[in-house]
Amino acid sequence: MHMKKADSKTILVVDDQQDVREALRLMLTSEGFAVALASTPEQALNKMADEVPSLVLFDMNYRRDTTSGQEGLDLLHAMQTKYADDAIPLVAMTAWGSIDLAVNAVKQGASDFIEKPWENQRLLSLIRTQLERSKATRSAAKLGALNRIQRENSQAKNFVAESKAMQKLLEMAHQIAQSDASILITGDNGSGKSLIAEQIHRWSPLVDAVFVSVNMGSIPESLFEAEMFGHARGAFTDAIEARAGRFELADEGTLFLDEVGNLPMPQQAKLLRVLETGEFERVGETRTRKVRVRVIAATNADLPAMVERGEFRRDLYFRLNTIELNIPSLAERRD
């Protein structure tokens, strides 16, 4: 279910000389990297639209009659504009004696540079250092976004249940927490659906991964895609910076969709696609991203009745409730 991401050790080599591309391909593949090749800036951008690499090695010149490095700078600026939020290291390559071009590239945003002909071990060391920095940068950005979400969804972590009905339900929750099946939690408002969802996450193999909660009923219809799938910088008036959506933040962890019964029909179709394929696009982007999340949903609505009335998609309902947990109302557990 995964596509290669920016930490997948895929290196894109952009150079107009076939011998350079082949030498780098052989050296990098022998070190365990996947390698993509491009001979022109245009070809490089097309390849990046299909799959975002973990690092780019790009030449500064592509026409034998010019040594200005302008084509390399133009490519650098294009990559920075389109993929700034991916924190991809962009490493310039220059011929020996053209150090001024490399310095100019670094001043304009390149991560580092290497001179040709290169020394293999130095290049490998540079690549690994840049990959580690990139990973740390993305982790810090994701942590900041998760902290924001946790502040928005802060709630008590202690779950106390003494009634026989709840103890039985918790035993069942503990069992199903070990699977990766989608879970639908139903029950009245205030019965503890969100707390059960968090407890399932803590009991699951994903306990060390992220738990991202979102109230589906509180998202304005116009902001649904941006909130759930993220947006590119400049995608709309207030999008002053790129932002990951809830699915992206929950990758490899648990995504809790609270009040899912309040979701309008148009948004239900968009949610279904991601649940079926793990694929989505940020608002303002054409590149398809892919994630893997364990989904727990909750509602106080009668979804089967809503399905019969045409108010809730039948296929989405079945996708959400592989396993259903119904929480007894407070009236049913007076003890």
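**Sheet.** I began with the sheet in this predicted model. It is open, has five strands and follows the order β2-β1-β3-β4-β5, with parallel pairing. I looked for the edges next: they are β2 and β5 (112–116), each of which pairs on one side only. From one strand to the next, the twist averages 20°.

**Strand β1.** I asked how many residues of β1 (residues 10–14) are buried. Five of the five are, so the rest of the structure largely encloses this strand. I then sorted its side chains by direction. T10, L12 and V14 point one way, I11 and V13 point the other way, and all are buried. In a regular strand, side chains alternate between the two faces of the sheet.

**Partners of β1.** I checked the pairing with β2 (residues 34–38): it is parallel and spans five bridges. Here V14 has A38 as its bridge partner. I also checked β3 (residues 55–59), which runs parallel to β1 and is joined to it by four bridges. On that strand, V56 is the bridge partner of L12.

**Strands β4 and β5.** I found five bridges between β4 (residues 90–95) and β5, again in the parallel sense. T94 stands opposite E115 of β5.

**Helices.** Which unit do β1, α1 and β2 make? I noted a right-handed β-α-β unit, with α1 covering residues 18–30. Helix α1 lies across β1, β2, β3, β4 and β5, and runs at about 170° to β2. Last, I looked at α4 (residues 99–107). Helix α4 lies across β4 and β5, at about 165° to β5.

Technical notes:
Residues are numbered from 1 along each chain as its sequence is written. This is a predicted model: local features need pLDDT of at least 70, side-chain atom pairs count only at pLDDT 80 or more; totals for chains, interfaces and linings use all residues. Side-chain values use heavy atoms; hydrogens and water are left out. Buried means under 20% relative accessible area, exposed over 50%, partly exposed in between (1.4 Å probe, protein chains only). Helices (H or I, at least four residues) and strands (E, at least two) are DSSP runs, numbered from the N terminus. Two strands pair if DSSP finds at least two bridges between them. A crossover is right-handed if, with the strands pointing away from the viewer, the path from the first strand over the helix to the second runs clockwise. Axes are lines fitted to C-alpha atoms, for helices over the stretch in contact, and angles run from 0 to 180 degrees between N-to-C directions. Contact means heavy atoms within 4.5 Å.
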